[in-house]
Amino acid sequence: MIHLDYRDARPIYTQVIDGFREQILSGILQTGDRLPSVRELASQLTINPNTIQRAYRELELQGWIVSVPGKGSFVGTIPTTGEMRDLYDRFDRTALELLAAGATTRALRERIPEKGAENNA
């Protein structure tokens, strides 16, 4: 289940995207798994279906999911080693930006969940 934090500065659709990415990378969702329909997920999260549609569209553009007309949306192929390297590079850049903005390494560590644990922050 995706957790939304309405106090988070990130837009809701970005939180949905990040939630699915985390589930895919942690192995909760596997290649070929069917995602909830736009209406189902919007109802579960009590948000506008357009927000879910936007998140799904972005996830599809990034290659995380595949939409099959009339069938639904499914998890795409798990990122390759090169894609993982890109994610780590993005993580490193973001961590450096946060540190430069005044975040502490302790605060950053606390935001990283143990493998397989859900991030409720």
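Just after helix 2, threonine 46 takes up a positive phi of about 50°. This residue is a convenient place to start a walk through the structure, which is a predicted model.

Helix 2 itself spans residues 38–45, and Val38, Leu41, Ala42 and Leu45 are buried within it. These residues lie on the same side of helix 2, because they cover an arc of only 100° around the axis. Arg39 and Ser43, by contrast, sit on the other side of helix 2 and are exposed. The cover over the buried residues of helix 2 includes helix 1 (12–26) as well as helix 3 (49–61).

Helix 1 also holds a charged residue worth a look, arginine 21. With a relative accessible area of 14%, arginine 21 counts as buried, since the cut-off for that class is under 20%. Leaving aside residues up to four places away in sequence, arginine 21 is in contact with Leu59, Gln62, Trp64 and Arg90.

Attention turns next to the strands. Strand 1 (residues 65–68) pairs with strand 2 (residues 72–75) in the antiparallel sense, and four bridges join the two. Within this pairing, serine 67 has serine 73 of strand 2 as its bridge partner. Three residues lie between the strands of this hairpin, and here glycine 70 adopts a positive phi near 80°. A positive phi is thus found both at threonine 46, just after helix 2, and at glycine 70, in the hairpin of strand 1 and strand 2.

How values were computed
Residues numbered from 1 in each chain as written. Predicted model: local features only at pLDDT ≥ 70, side-chain atom pairs only at ≥ 80, totals over all residues. Heavy atoms only, no water. Buried < 20%, exposed > 50% of the residue type's maximum accessible area, 1.4 Å probe, protein only. Arc of directions from axis to C-beta. Contact = heavy atoms within 4.5 Å. Pairing = 2+ DSSP bridges.
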